[in-house]
Amino acid sequence: MHPKGTSSRFALRAPRRLRLLAIIRNTKTDANLGGTPQVTPQVKIIAFCSEPRSKAEIANHCGFKDIKHFTARYLKPLLESGQLRMTAPDKPNSSKQKYITVQPSQ
């Protein structure tokens, strides 16, 4: 006996519907295959430093709390590659040191 308003045909199809819904949920679509490209911290830093910024400002903007790790992992490589420069290169440890993006020559 089936509850009022349902047929045995529906009762047999319900598990199939659940299986189909599970398949649909797990199917890769264009939206979840590549969707939005991730922005790397290096790209954020280069864009943010279009005007002079302190190390703390840059780290905060990128969501880093450990300044030492941030400097070693991101800031130094950008300085070494020439994508960033110090505003006072003769005083690298100055508390007033700022960093700015190097504009590529055209």
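These notebook entries record what I looked up in the structure.

**Entry 1. Status of the model**

I note at the outset that this is a predicted model.

**Entry 2. Aromatic pairs**

I asked how many aromatic pairs a search of the whole structure finds. The search returns 3. I then took up Phe 64 and Phe 70, which form a tilted pair with ring centres 5.4 Å apart and planes at 40°. Phe 70 also pairs with Tyr 74; this pair is likewise listed as tilted, at 6.1 Å centre to centre and 40° between the planes. I record Phe 64, Phe 70 and Tyr 74 as one aromatic cluster.

**Entry 3. Setting of the cluster**

I looked up where Phe 70 and Tyr 74 lie. Both belong to helix 5, which covers residues 67-81, and they are 4 residues apart, about one turn of the helix. Is Phe 70 buried or exposed? Phe 70 counts as buried because its relative accessibility is 0%. Tyr 74 is buried as well. For Phe 64 I find 22% relative accessibility, so Phe 64 counts as partly exposed; the cut-off for buried is under 20%.

**Entry 4. A charge over a ring**

I checked which residue lies over the face of Phe 48. I find Arg 53 there, at 3.9 Å from the ring centre.

**Entry 5. Ile 67**

I turned next to Ile 67, which I place in helix 5. Its relative accessibility is 32%, and Ile 67 therefore counts as partly exposed. Which residues does Ile 67 touch, leaving aside those up to four places away in sequence? I list Lys 55, Ala 56 and Ala 59. For Ala 56 I also noted the spacing: Ile 67 and Ala 56 are 11 residues apart in sequence, and their C-alpha atoms are 7.0 Å apart in space.

**Entry 6. Cysteines**

I searched the whole structure for disulfides and found 0. Why does Cys 49 form no bond with Cys 62? The closest cysteine sulfur to that of Cys 49 is in Cys 62, at 8.0 Å, which is too far for a bond; a disulfide needs the sulfur atoms within 2.5 Å. Seen from the other side, the sulfur of Cys 62 has its closest cysteine sulfur in Cys 49, also at 8.0 Å. I then looked up the burial of each. Cys 49 counts as buried because its relative accessibility is 0%. Cys 62 is buried too, with a relative accessible area of 13%.

Definitions and conventions:
Residues numbered from 1 in each chain as written. Predicted model: local features only at pLDDT ≥ 70, side-chain atom pairs only at ≥ 80, totals over all residues. Heavy atoms only, no water. Phe/Tyr/Trp six-rings, centres within 6.5 Å; stacked < 30°, edge-to-face > 60°. Buried < 20%, exposed > 50% of the residue type's maximum accessible area, 1.4 Å probe, protein only. Helix = DSSP H or I, 4+ residues; strand = E, 2+ residues; numbered from the N terminus. Lys NZ or Arg CZ within 6 Å of the ring centre and 35° of its normal. Contact = heavy atoms within 4.5 Å.
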